[in-house]
Each structure stands twice: as C-alpha cells, then as structure tokens.
Amino acid sequence: MRRQTAAALAATLLASGLTPVLLATPASAAVAKHYDDFNGDGHRDLAYGGTNDVDREGGTVTVLYGTAKGLNTTRPQLIHQDSPGIPGAGEEDDQFGETLASADLNKDGYADLVVGNPSEHVGKTKYRGTVTIVWGSKSGLSGGTNVAPKSGAGGYFGRDLATGDFNGDGSPDLTLIGGSEAWLHRGPFTKAGKTGSVSRIDKTGGGWYSHGLAAGKVDKDGRTDLVILGTQFASGSDKPLHRVWFLKGASSGLTSGPYKTFTSEPRAATIGDFDKNGYGDIAVGLPDQSNGRGAVTVWRGTSSGPGGSTTFTQATAGVSGSPEADDNFGYAVSAGDANGDGYADLAVGVPHEAVSGRAYQGSLHFFRGGSDGLSGSRSSSIPQTVLGPAEADTFFGNSVRLRDLNADGRADLGVGAQDRGILLRGTSTTPTAKNAVKLPEFSGGFAD
C-alpha cells in the first residue's frame, strides 16, 4: 500500500477542469436503507480494492453482493476505468479504488459507490486525481459520473473520501480530500453531474493541510459529524503539528469544533460508541508513534463534543504482544458491534508486526466495548494464520472493516493483507475464523 505524507502532498496544489459524463436522471425514491446496498435488495454488499484484470492496469474495484445467506463470492464484479460507462482509461500510474466510500447520493433507493483515483493524470496535469460515482441500480453497480472539482482541489483529488448527511436535510453529502484541502460537496447528486453547493473546509490560524477523513455521529442531533486528519503549521514556525480536527454537523454543513494534537501523524480514524452512552467516540490510529511502535487514542464523545482521551498500545495491560519498532500498531482501525451487545467494538491492524521471526507477518487486535469503554482486559489478538500457513511479508491487518454483512445483528470483521483478504464472522464474544469467507481478487482496502 502506497503511503504519502501530508507534508509531501501539501506542496502539490494543482488544478484543472473536468467535464462529467451525461446520464439520465433517476426517478425519485426513498434513500437506500443501507449505504452499501448497491442493488437495493435489502442486503449489504462489500466493495474493496481488487486485482487488475489480465492485460490491464490502473486499479480495479471488486464488489461482492449480499444475499440472505451472506456474501456471494462466486460472482465478484470487477469495476475499473475500462468498464462500460466508467469515465477515463486505466493507466500505469492510476490508483482507481485507492479510496472508497458509499451512500445513496442520488436518492433513488440504491446505494452508490464513490471511487477515488488520486494519482490519475488529467490532460497534461500529472497526479491531478479523479473521483467517480458508480451508480447503484436494481441490477447492481453500473455507469459512472466524475465529480467536478473546485479550483484549488487539484493534486491527488480523492486522496480520501467520506459520506454522510452533514446538514441533516435528508440528502447524503460527500467530503473528500484534494490539493491537501478538505471539500464538502452537498447532496443530492445527479447522474448529469449536478450537486448542491461545494465549499472548502479550512481551519484558520496557520497553514492547515488535510490528508484523512472519518465520518460518524458523535453527538445526538442526528446529523453526521466529520473528523479531519491533518498537519498544521503555526504562524512563524516550520514545525508541523499533527492534529485531528472535529467538525460538528450543522444545517449550514459543518461547523468547526475542537482539535487534538499528537506527536506523530494520525493515519486512520473511526467513530463508534464504545461505552454506549449515546455519544460517538473517535478512535485515532497513530502507527508511527514511538518509532513506529504505534498507538490508538480514543477521544471520548460527550454532550459538547469530544472530550477526554485514553491511549492504547501493546504495552497496555491485557493487550497481547509487546511494542517493537516499526510494528505500526494502529495502521488501520474500524468500529462496529461484533458481538451484538450494543457496545461498539474496535479492530486495530498491526501489519508490520514480526511473529516467530517472520518479518511483516502482521496481526490484528480486537477490543470489545463495555460500560467503561474500551479496555485492554477485553482485548484479544487474531493471528495472520487465519489466512493460511504463517508467512513473512503478509502485512495482515493493513486494512480492516467491521460491518454486519449477514443481518444477524453482529458485525463481521474484514481483514486485508498484501494480496489476500478474509471475512471473519461476528459471534457473541469475538469474531471467529470458523466458516470464514476468503475474499476473491483482494489487493487493496475496504470501502469506509
């Protein structure tokens, strides 16, 4: 998985125009119940970065459709820029599917897939980037429309994506990173490329450079809130401040809230109510902290927004293993209720962990929520061997995702490795490898 620092991207501020593909506007319908039900059959579907087709390059997205019995892995759909109706063409430097998100953006009853291709060249502009909405329908995903960027959004456009109803008007919105800035594209969207107003999300008081997003509900007002991962340079200083910035959903879109400063760059974040008090908690993955040993900080939700925090590492009591340089604990994080007790749980990827002398074998830590939030005493480790024989350079845990994909009330745990992925079933305790599902064509990250 390619990693680019915020500081490097901050220097790239490119811009160019892009004409969207013109398609028919759908008939009005209720918003899809599940933001990842692409064919509207009531079952959640799964999208992730996949292996390229033979004799092509540029990135591929794999989609598995849900059924009453779970995911159908026998007929994966492969979507790329050479698919019918998808704008652009696959090229060597492209990363179509590097970032993914979903929501029913045109409110036709079918969830749509948002695909980021942050390295795509547009015209003569290198690494301009594109974001494509692939439209849901009764028969699944088909056809696409590019999201038109505003001036200043060029340069790795689509580096990260997040969806949610940030202004509470019933139409899902899209936030994305472009030109080291965060942008809010208000819904609804149409297949002809029309959207609501678009605005830049900027933080005053020194240069702020965005590189990551997470969306969820922290307070109880019903609107989606946003977390932006970024780097800020205070006025008169060249020392970067690594920060996570909370923005509250509001009728106007988003309003600025508190931020939290870290000693290393935050790479990932997720939102879940780990103590079931009605307020979402923000878990921040800090894989580079302490010379790459890594950490996860939970910024606890309150009635006034995020407040106090707790940090977990492999040195925390009850957490298995030991912290070692370059383990990258917290490289990937995801929240969801995997045991059906009403408390959100947390999955933490440690893809660079060495096990039994095998470098970069990787592992995953699972923290169960409770009345006191997360605790090391309620954590367990899931080894790379659930994929098969132990191997070096597997990078197990480089992407994780907790979602209920078989409608049993328990989130299933998707775990990605270098070129393989697996889905572990949720149980009354921890996710299990029994009846695990091997994910075909896996080679990237999951949709948020």
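Here is a short chat between a visitor and a guide about this predicted model.

Visitor: Let's start inside. Which elements give two or more residues to the largest nonpolar core?

Guide: That core has 17 residues, and Leu 364, Phe 396, Leu 402, Leu 413, Val 415 and Ile 422 touch the most other members. To place the core, look at the strands that supply two or more residues to it. They are β22 (363-367), β24 (399-403), β25 (412-416) and β26 (421-425).

Visitor: And how many residues are in the second core?

Guide: This one is separate from the core we just visited. Look for Val 296, Val 298, Phe 329 and Ala 335, which are among its members. The full count is 16 residues.

Visitor: Back to β26, then. Which residue of β27 stands opposite Ile 422?

Guide: β26 pairs with β27 (residues 432-439) in the antiparallel sense, over four bridges. The two strands form a hairpin, with six residues between them. Ile 422 is one of the core residues that touch the most other members. Across from Ile 422 in β27 stands Lys 438.

Visitor: Now for the sheets. In the one ordered β12-β13-β14-β15, which strands stand at the edges, and why is one side of each left without a neighbour?

Guide: Four strands make up this open sheet, and the pairing is antiparallel. From one strand to the next, the twist averages 25°. An edge strand has a single partner strand, so one of its sides has no neighbour in the sheet, and that describes β12 (207-216) and β15 (253-262).

Visitor: What is the bridge partner of Val 244 in β15?

Guide: Start with the strands: β14 (residues 240-250) and β15 pair in the antiparallel sense. Eight bridges hold that pairing on the map. Follow Val 244 across to β15 and you land on Lys 260.

Visitor: What is the average twist in the sheet ordered β20-β21-β22-β23?

Guide: This is an open sheet of four strands with antiparallel pairing. β20 (332-336) and β23 (379-383) stand at its edges, each with a single partner strand, so each has one side without a neighbour in the sheet. Going from one strand to the next, the twist averages 20°.

Visitor: Which residue of β21 stands opposite Ser 334?

Guide: β20 and β21 (residues 345-350) run antiparallel, and five bridges join them. Pick out Ser 334 and look straight over to β21. The residue there is Ala 347.

Visitor: Time for the loops. Where is Pro 188, the residue after that cis peptide bond?

Guide: The bond in question runs from Gly 187 to Pro 188, and its omega is near 0°. To find Pro 188, trace the chain between two strands. You'll meet it in the loop between β10 (181-185) and β11 (198-201).

Visitor: Is Lys 276 buried, partly exposed or exposed?

Guide: Lys 276 lies in the loop between β16 (268-272) and β17 (281-286). It has a positive phi of about 55° although it is not a glycine. Buried means under 20% and exposed means over 50%. Lys 276 has 43% relative accessibility, so it counts as partly exposed.

Visitor: And Ser 356, buried or exposed?

Guide: You'll find Ser 356 in the loop between β21 and β22. Ser 356 is not a glycine, yet its phi is positive, at about 50°. The cut-off for exposed is over 50%. With 67% relative accessibility, Ser 356 therefore counts as exposed.

Key:
Residues are numbered from 1 along each chain as its sequence is written. This is a predicted model: local features need pLDDT of at least 70, side-chain atom pairs count only at pLDDT 80 or more; totals for chains, interfaces and linings use all residues. Side-chain values use heavy atoms; hydrogens and water are left out. A nonpolar core is a set of buried Ala, Val, Leu, Ile, Met, Phe, Trp, Tyr and Cys residues joined through side-chain atoms within 4.5 Å. Buried means under 20% relative accessible area, exposed over 50%, partly exposed in between (1.4 Å probe, protein chains only). Two strands pair if DSSP finds at least two bridges between them. Axes are lines fitted to C-alpha atoms, for helices over the stretch in contact, and angles run from 0 to 180 degrees between N-to-C directions.
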